[in-house]
Amino acid sequence: MSDTMKKAGHSRYRVARRLLIFWTVFIGLGAVAGAAMMLIDPSGRIMGMDAMLPYFQVLPFADVLFQDLFFSGMALLIVNGLTNLTAAVLLLKNKPLGVTLGGLFGVTLMLWICIQFYMFPPNFMSTIYFIFGLAQAATGYAARVFAGQEAFSVREADYPHVGENPRELVVYFSRLGYGKKLAYEAADRTGAEIYEIRATERTEGTLGFWWCGRFAMHRWDMPIEPISIDLEKYDKVTICAPIWDFSLAAPVRAFCRQAAGRIKKADYILVHHTGGVYENAAREMDGLLGIRHTGLVSVRNRVGKFRVVRSDGPAGV
Ligand SMILES: Cc1cc2nc3c(=O)[nH]c(=O)nc-3n(C[C@H](O)[C@H](O)[C@H](O)COP(=O)(O)O)c2cc1C
């Protein structure tokens, strides 16, 4: 688990995994029950399922495959039944493959329902099961992202040169540890000292995400702990900032406002999910600090997979 998750004592991955177990069991058992009815009585007369057969005739090879419910039952059993139950077993055993398959079978369900949309007139069951498939796929995606986030951690001991050069400082704010990693790497390269901006508002977990979003949307400063470091004494400060809502993260905005006039020279490292450079955030920091930055690195981060989008000036990596 990441430092943030440990602090929050709550695993979003665990919640998403449990929800995915629900979806896979619910869809899997439902499909097995439906398939059993079709296979026990392929004519469909006992359960009145034969009323569906005329609609099947628009499908390819209907004269061979869809004269009774046997093929449909087998397909249902395999495509939505056994698959989902296999994913459920893997999820119960906490295997990462279960997460991938659980999400993927949500997509399969949506495709299956698309065939129904094509065959049947608009009906409640098809629509609701399409929504179930969407929810299952989204849960699988969320579980994958949360697993990656929670597995990501930064070991400060891996950066032994941090703090060797008292003339330089790296400042960072980081919710999930991605910016922290970039900050420690930068400080390790130059030997700079390191300082973490700490928000006094909630930033951890799902609630924290939405709370951060609120500050981001309004372009507000987020209250931070008082700056407990003598910024004037450094020749250069590198500020490592995440992007929130296409703009500078709110706690870094607060830091820059409070640090105005106290930093002689600054480089910026920006970290974000999308592929943009976010020069607007660099301009905002310049404006708040009252200086012009000497270097800018912009890094795209996909759950711990980093790619440098732009690297200008001394901050270059
Ligand atoms: C409230 C909020 C808004 C975000 N908005 C954006 C955005 O507009 N563009 C983007 O690329 N990433 C956005 N992100 C993603 C973060 O910039 C990205 O996950 C970054 O790596 C977080 O770094 P950290 O773990 O050091 O906090 C947002 C994150 C949060 C919490």
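Helices, which have at least four residues, and strands, which have at least two, are DSSP runs numbered from the N terminus. The model used in these exercises is a predicted one.

**Exercise 1. Find where Phe-246 sits in the chain, and decide whether Phe-246 is buried or exposed.**

Solution. Begin with the strands on either side: β3 covers residues 236–244 and β4 covers 247–248, and Phe-246 has its place in the loop between them. Next, recall that a residue counts as buried if 20 or more other C-beta atoms lie within 10 Å of its own, and as exposed if 12 or fewer do. Phe-246 has 12 C-beta neighbours inside 10 Å, and therefore counts as exposed. As a last step, take Phe-117, which is 129 residues away from Phe-246 along the chain; the C-alpha atoms of these two residues are separated by 38 Å.

**Exercise 2. Work out how helix α10 is covered, and which elements its buried residues pack against.**

Solution. Helix α10 runs over residues 250–259, and 8 of its 10 residues are buried, so that the helix is mostly covered. These buried residues are Ala-250, Pro-251, Val-252, Arg-253, Ala-254, Phe-255, Cys-256 and Ala-259. Their packing partners are β1 (165–172), α9 (205–217), β3, β4 and α11 (279–289). If you then follow the chain just past α10, you come to Gly-261, which takes a positive phi of about 80°.

**Exercise 3. Determine how α5 and α6 are oriented to each other, and which kinds of residue make their contact.**

Solution. Take the axes of α5 (residues 70–92) and α6 (residues 96–119), which come within 8 Å and cross at roughly 160°. Angles over 145 degrees count as roughly antiparallel, and α5 and α6 are therefore roughly antiparallel to each other. The crossing of the two helices is left-handed. On the α5 side, the residues that make the contact include Val-79, Thr-83, Ala-87 and Leu-90, while on the α6 side Leu-101, Phe-105 and Trp-112 are among them. Sorted by kind, the residues of this contact comprise 10 nonpolar and 7 polar ones, with no charged residue.

**Exercise 4. Decide whether the protein chain is a compact globule or more spread out.**

Solution. The protein chain has 11 helices and 7 strands. For its 317 residues the globule rule gives 20 Å, but the radius of gyration is 27 Å, well over that value, so the chain is more spread out than a compact globule. Along the principal axes, the C-alpha trace spans about 85 × 35 × 30 Å. Buried residues make up 38% of the 317 residues.

How values were computed. Residues are numbered from 1 along each chain as its sequence is written. This is a predicted model: local features need pLDDT of at least 70, side-chain atom pairs count only at pLDDT 80 or more; totals for chains, interfaces and linings use all residues. Axes are lines fitted to C-alpha atoms, for helices over the stretch in contact, and angles run from 0 to 180 degrees between N-to-C directions. Angles under 35 degrees count as roughly parallel, over 145 as roughly antiparallel, 65 to 115 as roughly perpendicular and the rest as oblique. A crossing is left-handed if the near helix is turned anticlockwise from the far one by less than a right angle, and right-handed if clockwise. Two residues are in contact if their C-beta atoms, placed from the backbone, lie within 7 Å. Ala, Val, Leu, Ile, Met, Phe, Trp, Tyr, Cys and Pro count as nonpolar, Asp, Glu, Lys and Arg as charged, and the others, Gly among them, as polar. The radius of gyration is taken over C-alpha atoms; the globule rule is 2.2 Å times the number of residues to the power 0.38.
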